[in-house]
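User: I would like a close look at a single part of this model, set within the rest of the protein. A connected account would serve better than a list.

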Amino acid sequence: MPNFSEGRRAGVVEAIARAAGSSAHLLDTDADADHNRVVVSVAGPRAKLIGAVLAAIGQAVERIDLRGHQGVHPRVGAADVVPIVPLGDASLDACRDIAHEVGERVWSELNVPVYFYGHGEDRTLADIRAGRASLSLGGPGLHPTAGAVCLGARRTLVAFNVMLYETDLVAARALARSIRESASGLRGVQALAFELPGRRVQLSMNLFRVDETTPRDLIAELHRRGVSMGAEQVVGLCPAAAAGPAADGRLLEGRIASAAATAGAVASEGRGGEEHSALAARLRREAAALAALAADQDAILAGAERAAALVPVLRAAQVLDAELEALLQVAARGLRDGLSAATRGIYQERAEALDARLA
């Protein structure tokens, strides 16, 4: 889920996203003009993922010049932060190996220095941004226009922003400090406060242990403190298990299932014939619906059922391969894990049938 220091020039964002989707499955492109930043989400097996990430970083290095960059978000590079996140049965150690392989090639092929952070490393992203870490590869200084790339392995997190009313930047920064885990605030929360154009104040957070603190938990705590809040925003994609209303149309597992349905449509079109053409059209409609999946419990249950049902459909059409089956299994299981105990109780027969299919 790489973060690039460009959120205003549509042509540059499009070029980076196109490169990211050249060999892996492009799940989402989420650009923000105020932060001048874009989060690109891609998924795939190791070799394809490495090729996609390197291609996207190459476009960023070529097209972004940090000397003229302006935006409220802190940054150290054009391809600023590139977290590698495990899906399904993938391990954090395997993701760290991918991060190191990508980092070595970024330095050797693009001549851009690299910081490694996160799982298995001795520094955090905060350490790097605060100047408390030395470069892992390259140096002695940063690239003149592209800075450095921060690469590392981590679990899925939720990037979550909330607009604040009746709060100035000083008070917002104090609020951000008070809710950080590092300051004995909420478990699994990192937070910053920004002043956006028009003197709007935003609380920007990473919820990096969503099994302990979800966006709903965070909003409840802010309400308890009497904080006056406006719009909520999920940046990038959100796992179903942590999803609230702000994640409508931004469910990670919905986008993964959508990518698999789209790939199935392309494979069906390649086989030719009336039946495969008709199936391809249906798969494209299903891909669009899964990408826009709402974050309510009924939609999440239906999405899990639909993702699981695509496996036998693609198999019958003779376009299912191991990669697409893995993507659909990850999507269906992740959506199933997003079901509450109450929902499983209300829809017990459907939930049991889903579990049986996934088993």
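In which strand is R37 found?

Analyst: R37 is found in strand β3, which comprises residues 37-43. The model is predicted, and the description below should be read accordingly. R37 is a buried residue, its relative accessible area being 7%; the cut-off for buried is under 20%. Its C-alpha atom lies 15 Å from that of P83, a residue 46 positions away in sequence.

The residue that precedes the strand also deserves attention. N36 belongs to the loop between β2 (25-32) and β3. Its phi is near 50°, a positive value in a residue other than glycine. N36 is buried as well, with a relative accessible area of 6%.

A second positive phi offers a contrast in setting. S184, likewise a residue other than glycine, has phi near 65°. S184 is located in the loop that runs between α5 and β8. With a relative accessible area of 71%, S184 is exposed, whereas N36 is buried. A further backbone feature is the cis peptide bond from G139 to P140, where omega is near 10°. P140 is situated in the loop between α4 (125-129) and β6 (149-153).

R37 may also be set beside another arginine, R336, which is part of helix α10. R336 has a relative accessibility of 19% and therefore counts as buried, since the cut-off is under 20%. Beyond its neighbours within four places in sequence, R336 is in contact with A304, R344, L354, D355 and L358. Among these partners, L354 and L358 are also buried residues of helix α12 (residues 348-358), together with A351. These three residues cover an arc of only 60° around the axis, so they lie on the same side of α12. The other side of the helix carries the exposed residues E349 and A356. The buried residues of α12 pack against α9 (297-316), α10 (322-337) and α11 (341-346). In general, an α-helix has 3.6 residues a turn, so residues three or four places apart point the same way.

Helix α5 (residues 169-179), which leads into the loop of S184, can be described in similar terms. Its buried residues are L169, A172, L175, A176 and I179. They span an arc of only 115° around the axis, which places them on the same side of α5. The packing partners of these buried residues are β7 (158-164), β8 (189-196), β9 (200-207) and α6 (215-224).

The wider setting is that of a protein with 12 helices and 10 strands. Its radius of gyration is 21 Å, close to the 21 Å that the globule rule gives for 359 residues, so the protein is as compact as a globular protein of that length. Along the principal axes, the C-alpha atoms fill a box of roughly 60 × 50 × 35 Å. R37, N36 and R336 are buried, and buried residues make up 52% of the 359 residues. Of the contacts with a separation of 6 or more, 70% involve residues 24 or more positions apart. The protein exposes about 15900 Å², of which carbon and sulfur atoms supply 50%. Finally, the protein has 39 positive and 43 negative charges, and the mean positions of the two sets are 3 Å apart.

Technical notes: Residues numbered from 1 in each chain as written. Predicted model: local features only at pLDDT ≥ 70, side-chain atom pairs only at ≥ 80, totals over all residues. Heavy atoms only, no water. Helix = DSSP H or I, 4+ residues; strand = E, 2+ residues; numbered from the N terminus. Rg over C-alpha atoms; globule rule 2.2 N^0.38 Å. Buried < 20%, exposed > 50% of the residue type's maximum accessible area, 1.4 Å probe, protein only. Contact = heavy atoms within 4.5 Å. Areas by Shrake-Rupley, 256 points an atom, 1.4 Å probe, with all protein chains shown as cover. Lys, Arg positive; Asp, Glu negative; His and termini not counted. Charge placed at Lys NZ, Arg CZ, Asp CG, Glu CD. Arc of directions from axis to C-beta.
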